[in-house]
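User: I'd like to learn how to read the empty spaces, charged pairs and packed interior of a protein model. Could you walk me through them?

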Amino acid sequence: MLYDKVCREDVLALAYGQVKANGGAPGIDKQTFDHIEGKIGLERFLGEIQGKLLAKRYRPQPVRRVYIPKADGSKRPLGIPVIEDRVVQAAVKIVIEPLFEADFKDFSYGFRPRKSALQALGEIRKWINFGCVHVVDADLKSYFDTIPHDKLLISVRSRVIDRSVVKLIAMWLDAGVMEDMQVRKETTGTPQGGVISPLLANLYLHWLDRYWETKGFGEKRHDAHIVRYADDFVILCKKEPEKYLAEATKVLDRLGLSLNAQKTRIVDVREESFDFLGNRFARQPSKRTGKVNTYFYPTPKAMASVKKKIREVVRTGQHHDLPVLIKEQVNPILRGWGNYFKTGNSRLHLKSIANYTMWTLCIMLRKKHKKRSKGWRDHPPSWFYEYHGLFKLPSLVVTGQENSRYARSVPS
């Protein structure tokens, strides 16, 4: 029985470790990890959860609704469960994820073990180089908020026959959202922020993946390939992109989902670029050889976003000693951003962000010490790198064979 495995001490302890490693704000009970470990005691906390599960007395609490700003000015809703619910969700995920992983397709990359966004980007580049230059750049409309609960539970039951586990998932979907001191029940959606939500979101769109493979659209006679990262996907084909967009739309309609008509578009990458997972793809001549190649690099939005983060941490952290500010706040931003974008054709972009960081720090030092000069002569790059430990962003640039550019080898 799967439910028995969810209740095991070692599984709950592993689940707690994963939840704590992910961090995150407290739920509606305002309980933190420090409170659990310092006041309650971890062993007692996990023991109480195990007792509730074994006695079938566990009931999830409503998730706390918060909104985070998006780049376009709108806000993305997040649902934050209490830590107890996150631990149980993580335990269920540990137990059932291998069952679904056995079915998930290779062209699905989002939130999966041993899969990454970098692999998805490499796959897109590969298919464009193979001549699939017509791209359906798809955008699902409010995907996480519109998944029908009844159809999602049917998807769960396709692999999970343990009714107790299915009931846990049904309770999380029915727990509701607390906003402005009011609990609102939903009949659609799986709140972004829940531990189990990415797996459920992948599971529901697996119907699209399976349809695509059953119809043989990825075979040579069609040569139409989906690359999907959670709810973001593109279709790359050699011809008739309208046909394959219609096929995808037909499946999504059956699932109760819809494409965003304003953001979904068909692109001939030989004439126009498109963006995916923060990268811009384009076919253009090499500046060195003149040969037309496929390139991808950070979008202007991605560049603006990291600059904003750097400005903010420098502005709010200027009272710290410079080495501390750089080590604890600036370097983590540079390292994380650089490791994501290093596999593309991003050498100039990484260099630009490195220069911007030093320029921002120089401006901060000039204001802090009330100097009239801009500080370029006093603070050259070597001063930041060698004396204050600034992370060398340009050193991340990856060159050479494609096998060294991606997290896995790209078929030739």
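**Reading salt bridges, spaces and cores**

Analyst: Let's start with one residue: D103 has a relative accessibility of 29%, so D103 counts as partly exposed. Keep in mind that this is a predicted model.

User: Fine. Which residue forms a salt bridge with D103?

Analyst: The general idea goes like this: side chains of opposite charge can pair when their charged atoms come close. Here the partner of D103 is R159, with the closest N and O atoms 3.4 Å apart. R159 sits in the loop between α8 (149-157) and α9, while D103 sits in the loop between α5 and α6 (117-129), so the pair ties together parts that are 56 residues apart in sequence. R159 is partly exposed too, at a relative accessible area of 35%.

User: How many salt bridges does the structure hold?

Analyst: There are 17 salt bridges. Another one joins K126 to E123, where the closest N and O atoms are 3.2 Å apart.

User: Where do K126 and E123 lie, and are they buried or exposed?

Analyst: Both are in helix α6, three residues apart, which is about one turn of the helix. K126 and E123 are both buried. Now take R228 and D209, whose side chains meet in a salt bridge at 2.7 Å, N to O. That pair links distant parts of the chain, with R228 in strand β6 (residues 224-229) and D209 in helix α10, 19 residues apart. R228 and D209 are buried as well. There's also a network: D137, R265 and E272 are joined by salt bridges that share partners.

User: On to the empty spaces. How many cavities of 30 Å³ or more does a search of the whole structure find?

Analyst: The general idea first: rolling a probe the size of a water molecule over the atoms shows where empty space is left. In this model the search turns up two cavities of 30 Å³ or more. The largest cavity has a volume of about 130 Å³. Its lining has 15 residues, and those nearest its centre are V63, P81, Q89, W172 and P191. By type, the lining of this cavity splits into nine nonpolar, five polar and one charged. Helices α5 (83-101), α9 (163-174) and α10 (197-215) each give at least two residues to that lining.

User: And the largest pocket: how much space lies in it, and which residues lie nearest its centre?

Analyst: The largest pocket holds about 2,400 Å³ of space. K70, R76, D232, G278 and K301 lie nearest the centre, out of 48 lining residues. The pocket lining divides into 23 nonpolar, eight polar and 17 charged residues.

User: Which element supplies the largest share of the lining of that pocket?

Analyst: That's α12, with eight residues. Other elements supply at least two each, including β1 (63-69), β2 (75-80) and α13 (322-341).

User: Last topic, the interior. Which residues of the largest nonpolar core touch the most other members?

Analyst: In this core of 69 residues, they are L53, V87, I96, Y143, L168 and W212. To see how one of them is placed, look at L168: leaving aside neighbours within four places in sequence, L168 is in contact with Y3, L53, Y58, V88 and V92. A second, separate core has 28 residues, among them I333, L365, F384 and L396.

Technical notes: Residues are numbered from 1 along each chain as its sequence is written. This is a predicted model: local features need pLDDT of at least 70, side-chain atom pairs count only at pLDDT 80 or more; totals for chains, interfaces and linings use all residues. Side-chain values use heavy atoms; hydrogens and water are left out. On a 1 Å grid over the protein atoms alone, a cavity is a set of points where a 1.4 Å probe fits but cannot get out, and a pocket is an open set with protein on both sides within 12 Å along at least five of seven lines; lining residues have an atom within 4 Å of a point. Grid points are joined across faces, edges and corners, and a volume is the space filled by probe spheres set on the points. Helices (H or I, at least four residues) and strands (E, at least two) are DSSP runs, numbered from the N terminus. Ala, Val, Leu, Ile, Met, Phe, Trp, Tyr, Cys and Pro count as nonpolar, Asp, Glu, Lys and Arg as charged, and the others, Gly among them, as polar. A salt bridge is a side-chain nitrogen of Lys or Arg within 4 Å of a carboxyl oxygen of Asp or Glu. Buried means under 20% relative accessible area, exposed over 50%, partly exposed in between (1.4 Å probe, protein chains only). A nonpolar core is a set of buried Ala, Val, Leu, Ile, Met, Phe, Trp, Tyr and Cys residues joined through side-chain atoms within 4.5 Å. Contact means heavy atoms within 4.5 Å.
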